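Here are some exercises to work through with the structure open beside you. Try each task before reading its solution.

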Amino acid sequence: MMLFRLSCRRTCDCVCGLGRVFGPARPARPPGQRSLEPPWPAVVVGRASSSVVAMAAKPTVIFVLGAPGSGKGTQSANIVKEFGFVHLSAGDLLRAERSTGSEVSALIEQHIKDGEIVPVEITVSLLEKAMNASSVKKFLIDGFPRNEDNLVGWKKVMDDKTDVKFVLFFECSKGVCVSRCLERGKTGGRADDNVASLEKRFVTYVDHTKPIIDQYAAKGMVRTINADTSVDEVFEAVKKLFKNEGF
Ligand SMILES: Nc1ncnc2c1ncn2[C@@H]1O[C@H](COP(=O)(O)OP(=O)(O)OP(=O)(O)O)[C@@H](O)[C@H]1O
Ligand SMILES: Nc1ccn([C@H]2C[C@H](O)[C@@H](COP(=O)(O)O)O2)c(=O)n1
């Protein structure tokens, strides 16, 4: 134990003890990065039998789900500020990819217009790329997994590489969600914030996304927040939850 502490102090600048998190010498924080998280691969040290073992910590993931307009994006932005997470919206990543004019642009455009879910190979590869590009390794993944295809694709490619903590579920009545989206549609520039697309998006939500939330609920992995109230009231509930979860 004593020997370990001495050698640890020589090799890193953290306050190490067995079981604490440390990594290589701390590099300068990249400009604009607000998080206090270490921007280098963390290493967790613990004892196995009589030897000391080290393994890389996996990125933390929280999935953010709820009906269209339930406030996933709004609350994710608040969580980023308060708790230092990185917000990755699957919808935003797909919209960005659509506007690059790549070979999948037309396919994404059609799916978004029809309120349907884009094949997971596209979405997971965009998510993985964004996660790899981030120095902060705590992610809110908003609007994913939205259907069985999303879930299977995530498990295949990302399950072993990440630590999914829970699903943050914003529960909100359809009437409130629709009126928020229609209001957003007046100025937001989204092609799918209209009555026709919203109807399709809600069908997709009820038929395909809600069953995914239910699957996670059966595993005790859903944290439900009432999202019918004001932005501030919803965030108070979110803050309480995140503190209880140890963030
Ligand atoms: N609690 C709230 N009270 C009133 N308006 C809200 C609330 N939360 C969000 N809004 C507004 O409702 C609209 C939709 O919110 P937001 O984009 O956060 O929802 P979302 O769940 O991410 O939607 P989508 O899945 O369609 O992208 C926005 O215009 C936002 O400002
Ligand atoms: N996992 C996802 C997330 C989003 N999309 C597409 C289809 C949605 O209607 C659209 C908008 O998403 P939002 O911004 O409302 O979360 O993006 C998808 O295919 N797969």
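## Exercise 1: A helix and its cover

Task: Find what covers the buried residues of helix H5, then list those residues and check the length of the helix.

Solution. Start with the surroundings in this predicted model. The cover over the buried residues of H5 includes three strands and three helices: S4 (60-66), S5 (86-89), S6 (138-142), H3 (90-98), H4 (105-113) and H6 (148-157).

Next, look at the residues beneath that cover. Val120, Ile122, Thr123, Val124, Leu126, Leu127, Ala130 and Met131 are the buried residues of H5.

Finally, check the length. H5 runs over residues 120-133, which is 14 residues, and at 1.5 Å a residue the expected span is 20 Å. The C-alpha atoms at its ends are 20 Å apart, so the expected and computed spans agree.

## Exercise 2: The protein as a whole

Task: Describe the protein by its secondary structure, burial, contacts and surface.

Solution. Begin by counting elements: the protein has nine helices and eight strands. Then turn to burial, where 41% of the 247 residues are buried.

For the contacts, take those between residues at least 6 apart in sequence; 69% of them join residues at least 24 apart. Last comes the surface, about 13400 Å² of accessible area, with 55% of it belonging to carbon and sulfur atoms.

## Exercise 3: Ligand 1 and Arg201

Task: Which residues come nearest to ligand 1, and is Arg201 buried or exposed?

Solution. There are 15 residues around ligand 1, and the nearest are Lys72, Thr74, Arg184, Arg201 and Thr229.

Now go through the polar side chains. An N or O atom in the side chain of Thr74 is 2.5 Å from an oxygen atom of ligand 1. For the side chain of Arg184, the corresponding distance to a ligand 1 oxygen is 2.7 Å, and for that of Arg190 it is 3.0 Å. On its own, ligand 1 exposes 630 Å², and the protein buries 75% of that.

Then place Arg201, which sits in helix H8 (residues 195-218). Its relative accessibility is 10%, and the cut-off for buried is under 20%, so Arg201 counts as buried. Beyond its neighbours within four places in sequence, Arg201 contacts Pro68, Gly115, Cys181, Arg184, Arg190, Asp192 and Asp193.

## Exercise 4: Ligand 2 and Asn150

Task: Work out which atoms of the protein make polar contacts with ligand 2, and then why Asn150 counts as buried.

Solution. First, list the nearest of the 15 residues around ligand 2: Arg95, Val118, Gly143, Asn150 and Arg190.

Second, sort the contacts by atom. Val118 uses its backbone, with an N or O atom 2.7 Å from an oxygen atom of ligand 2. Asn150 has a polar side-chain atom 3.0 Å from a nitrogen atom of the ligand. Arg190 likewise places a polar side-chain atom 3.0 Å from a ligand 2 oxygen. Alone, ligand 2 has 440 Å² of accessible area, and the protein covers 96% of it.

Third, follow Asn150 into the fold. Asn150 belongs to helix H6, and its relative accessibility is 2%, so Asn150 counts as buried. Setting aside neighbours within four places in sequence, Asn150 touches Ile117, Val118, Val120, Phe144 and Pro145.

To finish, compare with the record: an unreviewed UniProt entry lists Asn150 under "binding site".

Note on methods
Residues numbered from 1 in each chain as written. Chains lettered and ligands numbered in written order. Predicted model: local features only at pLDDT ≥ 70, side-chain atom pairs only at ≥ 80, totals over all residues. Heavy atoms only, no water. Helix = DSSP H or I, 4+ residues; strand = E, 2+ residues; numbered from the N terminus. Buried < 20%, exposed > 50% of the residue type's maximum accessible area, 1.4 Å probe, protein only. Contact = heavy atoms within 4.5 Å. Areas by Shrake-Rupley, 256 points an atom, 1.4 Å probe, with all protein chains shown as cover. Expected span 1.5 Å × (residues − 1). Near = heavy atom within 4 Å. Polar contact = N/O pair within 3.5 Å; in protein donor to acceptor, adjacent residues only side chain to side chain. UniProt positions renumbered as here; feature names shortened; annotations may be inferred.
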